[in-house]
Amino acid sequence: ADGTYKLKITFNEARHDRLKSGFVTRGKMYTIVKKGNNSTIKPFAGFKDVGQGSHLKNINNAAEIGIITGYENGTFKPGASVSRINAMMMMLRAMGVQLSASAALPATVTDIKKGAYGYDVLATAYTRGLINIQDNKINANGVMKRGEMAQALVKGFGLQGTADMKFTDIGKPDTYAQYKNISTLYHHRITTGTTASLFAPYDNVTRAQFATFIMRALENTSK
């Protein structure tokens, strides 16, 4: 029938002994327009507000896999800070995890109730260790911080290993909960910090940065 169709092709890149447990790391997305006996096929053109830059390839790859969707007006808002709920949506898509209707946040959480928008996302992410509760709040619309991002990536993709770091702003293993997670990301070179000596764990993560971090983590799992 005539109409506009979307075609998505995904690839699971992993060592032969990890194919069954690997993640989708590449994708291609096409728009097919059929009218009568004629059809046109157009590849994904990207988001109109994402120009050339260090995040372009990762944003496009994440979109073609289906990790990110952008906005109805064709933008992605790469420079905007990513909210905790949107970060968890991206993580669960990247992990290939379906939302669990039975997942629940602790009854002590005061800022969201079961049935509210995003509850299943946050509850599923929480039960998998991707996100923490602070002062009895999940803070769905709060901004994702770099330290929290480290936890989500390490727990979500099962990353292992640690490395000595020269960051002076993350304390010590017994004083900062994300120290080991940051060390694991550093070990895999998923992040090297904002400078040689600073990780900036409390800095906001932008939507472009988070897409890049996810893609780096995914690519690491295929090695």
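Here are some worked exercises on the predicted model shown above.

A word on ground rules: residues are numbered from 1 along each chain as its sequence is written, and side-chain values use heavy atoms, with hydrogens and water left out. Since this is a predicted model, local features need pLDDT of at least 70 and side-chain atom pairs count only at pLDDT 80 or more, while totals for chains, interfaces and linings use all residues.

**Exercise 1. The overall layout**

Work out which secondary structure elements the chain has, and how its size compares with the globule rule.

Step 1: Count the elements. There are six helices and three strands. Helices (H or I, at least four residues) and strands (E, at least two) are DSSP runs, numbered from the N terminus.

Step 2: Put them in order. Starting at the N terminus, you get β-β-β-α-α-α-α-α-α.

Step 3: Check the size. The radius of gyration is 19 Å, close to the 17 Å from the globule rule for 223 residues, so the chain is as compact as a globular protein of that length. The radius is taken over C-alpha atoms, and the rule is 2.2 Å times the number of residues to the power 0.38.

Step 4: Box it in. Along the principal axes, the C-alpha atoms fill roughly 65 × 40 × 40 Å.

**Exercise 2. Inside, outside and charge**

Find what percentage of the residues is buried, and how many side chains are positive and negative.

Step 1: Take burial. Of the 223 residues, 41% count as buried; that label means under 20% relative accessible area, with exposed over 50% and partly exposed in between (1.4 Å probe, protein chains only).

Step 2: Look at contacts, meaning heavy atoms within 4.5 Å. Among those between residues at least 6 apart in sequence, 67% join residues at least 24 apart.

Step 3: Tally the charges. The chain carries 29 positive and 15 negative side chains, and the centres of the two sets are 4 Å apart. Lys and Arg count as positive, Asp and Glu as negative; His and the chain ends are not counted. Each charge is placed at NZ of Lys, CZ of Arg, CG of Asp or CD of Glu.

**Exercise 3. The hairpin**

Describe how β2 and β3 pair, and say how many residues of β3 are buried.

Step 1: Start with the pairing. Strand β2 (residues 24-35) runs antiparallel to β3, over six bridges; two strands pair if DSSP finds at least two bridges between them.

Step 2: Pick out a bridge. Lys34 has Ser39 of β3 as its partner.

Step 3: Go round the turn. This hairpin has two residues between its strands, and Gly36 in the turn has a positive phi of about 65°.

Step 4: Check the cover. β3 (residues 38-43) is hardly covered, with a buried count of zero among its six residues.

**Exercise 4. An enclosed helix**

Is helix α1 largely enclosed or open, and what covers its buried residues?

Step 1: Nine of the 10 residues of α1 (residues 56-65) are buried, so the helix is largely enclosed by the rest of the structure. Among them are Leu56, Ile59 and Ile65.

Step 2: The cover includes β1 (3-12), β2 and α6 (207-221).

Step 3: Zoom in on Asn58, which sits in α1. At 11% relative accessibility, Asn58 counts as buried. Leaving out residues up to four places away in sequence, Asn58 touches Ala211, Thr212, Met215 and Glu219.

Step 4: Leave the helix. Gly66 follows α1 and has a positive phi, near 110°.

**Exercise 5. Around α3 and its loop**

Which helix do the buried residues of α3 pack against, and which non-glycine residues in the loop between α3 and α4 have a positive phi?

Step 1: Buried residues of α3 include Tyr119, Val121 and Leu122. The buried set packs against α2 (84-95).

Step 2: Just past α3, Gly129 takes a positive phi of about 80°.

Step 3: Recall the background. Most residues other than glycine have a negative phi.

Step 4: Asp135 lies in the loop between α3 (119-127) and α4 (146-157), with a positive phi of about 55°. Asp135 counts as exposed, at 74% relative accessibility.

Step 5: Asn139 is found in that loop between α3 and α4 too, and has a positive phi of about 55°. At 37% relative accessibility, Asn139 counts as partly exposed.
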